[in-house]
Amino acid sequence: MAIVIDKKTCNSCGLCAKLCPGDLLALNPKSKKAFIWDNSDCWNCLVCVKHCPVGAITLKLPKSIAPYDATLTPEIRKDKIVWTLIDSDGKREKFEIKRKAVGGA
Amino acid sequence: MARPKRKIAEQEHIDADILIIGGGTAGCMAAVEAKRLNPKLKVVIIEKAHIDRSGCLAGGMNAINVYLHPGETPESFTRYVRWQAMGICREDLTLSMIKEVNPAVKRVEEWGLPVLKDEKGNYSRRGKWNVNINGEALKLILAEAVAKSKIPVINHTVATNFILEGNRVVGAFGFSIRENKFYIIRAKATIVATGGASGIYLPNNPGDAHHTMWYSPFNTGAGYAMGIRAGAEMTSFEMRFIALRVKDIIAPTGTLALGFGAPQVNAKGEQYMKTRYAHLGGEGAPTPIRVYAPTQEVKEGRGPCYLDTRHLSPERVRELKASYLDMYPQMTLYLAANRIDPSKQPIEISGTEPYVVGGHCQAGYWVNENRKTTLGGLFAAGDVAGGVPYKFVSGCWAEGIIAARAAVEFAGANKHGKIGATQVKRELERVYTPLLGDKKADGGLRPKELEEKLQKMMDEYAGGISKFYEMDEKRLLVARRTLKKLKKQAKNLIAKNLHELMLVHDVIDRIDVAQVLVEHLIFRKETRWPGYQTKLDYPELDDENWLGFVNSRRDSKTGKIKIFKVPYEQVVPGDRYKP
């Protein structure tokens, strides 16, 4: 497992397919929803997660290296990035880090 | 099996003054600099993914690792790099690079990179040569600078080979992975900046986690392979890079060791760097030793090994997690998903698969001070260029600047070359033959199958992780023979779609790189870099016979690799084995 795409939330903008450094994502020609060619090829870089405008993508590390569920959610704001980390015991931590206001894409 | 007919790709011809292959760290800076020097030039970037988030910087960076702080000089830096690289580096290239680094960092800061400052307003230091940054958006910042310079970028396009006129590169071929389009790009000067190669060896993790690795798994050695096929001289492939990383998640350890003062300890709690490796510098020993040491500890029954973080306060642990978010956020998730509290539990470490990369070691094109390769009209910058084993991000910028200057001059003094029709036809065939179209490819050799075969073989016969990175001539000769076979088998590769066609060319390129690598490993009959290049049959360092570079050139007609020594030139005086 690498990324999970919530098909209901996906708004078919195609940004993830455009930006994935490994060309691993595409839009299904029929449903227009994002999919990953091969989950095992994911680099876990979080680029798609950061740029998804509707928060439809979650990173799940491969179970072979990370057995418990935890989530890390980035949110790009104007001049900072806000990260929410929820560990496998449900403990929540927030991090705000300075960042140039550059939209990209 | 008869191959079904496929649609012939549309040909797109582009003329550029300067073509830059690879829109990464070095390529972006080279493009901006070329345009700054001469705004009239048409500079074009061809990029395998999308320039906003491609390559090594996709996830960001939390430090600049080469910078001359007050009190240091180009000479002191060169002495340091030479010692780090066990007495061998291209001192002329190291000196010319470091002189460009500080202005390059300043420039990127002006583009918007947040650089951390101390109370006095100086750059905040992390270790001797490092600067702390908030670089989550570093790649976006570089891409924005390219866009502001109005430089066209051909995204999602894989460069496949140089276009040659005699011994001069007059452009490059590439194919789109988005549409059925083949690019024929003519250029007066070309800068290759594609990065290094991962995936030559079996990686740390199997199956679903096989791309859970540090170096970009999408840097597949294309730039090396193109140069090898065109007969460019290459250097030092035998100095493989094996990084010391957090086990399993393969996260960088500089943040832990330099940023948070974590020493290496073995299972007995011994700080072995301070005891067994004191004579080489202890915790601060050269990088190859810092990965060789824990490998030996494990091999000799004193593993696992760790970076000891148990001195960290809860506040510092929080800073540690935040620090990774700017560069390798999956590490922060890894800690949370494994219930690891670094203040209570040390972080286990391991070596990575061996990478071929000129920014951390010195494998790459043999270049002169202007980053000109041995082929006419071709310049190299960044991880694909050889000779400077301590380049990292800011050194790649510096090389981009140097290569751009030389390319601008060359483009000003030379006309476009001619492109032979036979060359185009041959490359079209080579690129598209594996593409069979959807649902027709069942039963052929898929790129992943050949990739796995290559990686397993290299692991076993050319010193991979499972062999503690050790090798000997007998096994290397098996690797040489097997690579010949794999090269033949590659002719049976098939792809169902353009994405898979890219994977086909990735593995073809990796085999070409592996062949040169194995020849270099066979040729150097000493152990210069323990860990990176441990030769069981030649265990000692031998300056009398091997102080110098191992270079190679593949004959583009016969395919035979010629390999030879190039003498060492010491520029900066002093003991080569002292920093």
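Which strands of chain B does helix α8 lie across? Select residues 287-299 of chain B to show α8, and then β10, β11 and β13 (347-351) of chain B, the strands that the helix lies across. Against β13(B), α8 runs at about 105°. Keep in mind during the tour that this is a predicted model.

**The sheet under α8**

Keep that view and add β12 (residues 306-307) of chain B. The strands form an open sheet of 4 with the order β10-β13-β12-β11 (chain B), and their pairing is antiparallel. Its edge strands, β10 (244-246) and β11 (264-265) of chain B, each pair on one side only. Now zoom in on β11(B) and β12(B), which are joined in the antiparallel sense by 2 bridges. Pick B:Val265 here; its bridge partner in β12(B) is B:Tyr306.

**Strands β6 to β8 of chain B**

Next select residues 168-176 of chain B, which make up strand β7. This strand is mostly covered, with 7 of its 9 residues buried. Add β6 (residues 157-165) of chain B: β6(B) and β7(B) run antiparallel and are joined by 8 bridges. B:Thr157 can be picked together with B:Ser176 in β7(B), which stands opposite. Then move to the hairpin of β6(B) and β7(B), where 2 residues lie between the strands and B:Gly166 has a positive phi near 60°.

Which strand follows β7(B) across a hairpin of 4 residues? It is β8(B). Select residues 181-192 of chain B to show β8, which pairs with β7(B) in the antiparallel sense over 5 bridges. In this pair, B:Gly174 stands opposite B:Tyr183 in β8(B).

**Chain B as a whole**

Zoom out to show chain B in full, with 16 helices and 19 strands. Its radius of gyration is 23 Å, close to the 25 Å that the globule rule gives for 579 residues, so chain B is as compact as a globular protein of that length. The C-alpha trace spans about 65 × 50 × 50 Å along its principal axes. Of the 579 residues, 59% count as buried. Of the contacts in chain B between residues at least 6 apart in sequence, 75% join residues at least 24 apart.

**Where chain A meets chain B**

Finally, show both chains and select the contact, which takes 39 residues from chain A and 46 residues from chain B. On the chain A side, α1 (15-19), β6 (80-86) and β7 (92-98) of chain A each supply at least two residues. The residues of that side divide into 24 nonpolar, 7 polar and 8 charged.

**Confidence**

Colour chain B by pLDDT: the mean is 96, and 98% of its residues reach 70 or more. The model scores ipTM 0.96 and pTM 0.97.

Technical notes:
Residues are numbered from 1 along each chain as its sequence is written. Chains are lettered from A and ligands numbered from 1 in the order in which they are written. This is a predicted model: local features need pLDDT of at least 70, side-chain atom pairs count only at pLDDT 80 or more; totals for chains, interfaces and linings use all residues. The radius of gyration is taken over C-alpha atoms; the globule rule is 2.2 Å times the number of residues to the power 0.38. A residue is buried if 20 or more other C-beta atoms lie within 10 Å of its own, exposed if 12 or fewer, and partly exposed in between; C-beta atoms are placed from the backbone. Two residues are in contact if their C-beta atoms, placed from the backbone, lie within 7 Å. Two strands pair if DSSP finds at least two bridges between them. Axes are lines fitted to C-alpha atoms, for helices over the stretch in contact, and angles run from 0 to 180 degrees between N-to-C directions. Ala, Val, Leu, Ile, Met, Phe, Trp, Tyr, Cys and Pro count as nonpolar, Asp, Glu, Lys and Arg as charged, and the others, Gly among them, as polar. pLDDT is the predictor's confidence in each residue, from 0 to 100.
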